[in-house]
Amino acid sequence: VVGMPQQPNGYDCGVYVMLAAEALCKHRGKSGSLAEAVVQHMSRDATGLRASLRQLVEQLAHTPEDEWPAVVEAFRRRS
């Protein structure tokens, strides 16, 4: 997508891919410019998403596997 934000470092590429994929999914079936929708969504703070994902992984590491779906659902509701 023309004008898509790029990560300013060598370690946030996965976070940026996740933000872009989320933007594409949210735009599905909507009218308007896909490029504008992606760029607007990508302005979200990658640092914040990275921190949230780290918290999720740490929480899952200390949670019995059969309880993971509830933990992930709670994470999705916060996001």
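Here are some questions and answers about a predicted model and the terms used for it.

Me: What should I know about the numbering and the values before we start?
Reply: Residues count from 1 along each chain as its sequence is written, and side-chain values use heavy atoms, with hydrogens and water left out. Since the model is predicted, local features need pLDDT of at least 70 and side-chain atom pairs count only at pLDDT 80 or more, while totals for chains, interfaces and linings use all residues.

Me: What is the mean pLDDT of the protein chain?
Reply: pLDDT is the predictor's confidence in each residue, from 0 to 100. The chain's mean is 85, and 95% of its residues reach 70 or more.

Me: Why is aspartate 12 called buried?
Reply: Buried means under 20% relative accessible area, exposed over 50%, and partly exposed in between (1.4 Å probe, protein chains only). Aspartate 12 has 2%, so it is buried.

Me: And why does valine 72 count as partly exposed?
Reply: Valine 72, found in helix 4, has 30% relative accessibility, so it falls in the in-between class.

Me: How do you know that the structure holds zero disulfides?
Reply: A disulfide is a pair of cysteine sulfur atoms within 2.5 Å. The sulfur of cysteine 13 is 19 Å from the closest cysteine sulfur, in cysteine 25, so that's too far for a bond.

Me: What makes cysteine 25 exposed, and cysteine 13 partly exposed?
Reply: Cysteine 25 has 59% relative accessibility, so it counts as exposed. Cysteine 13 has a relative accessible area of 41%, so it's partly exposed.

Key:
Helix = DSSP H or I, 4+ residues; strand = E, 2+ residues; numbered from the N terminus.
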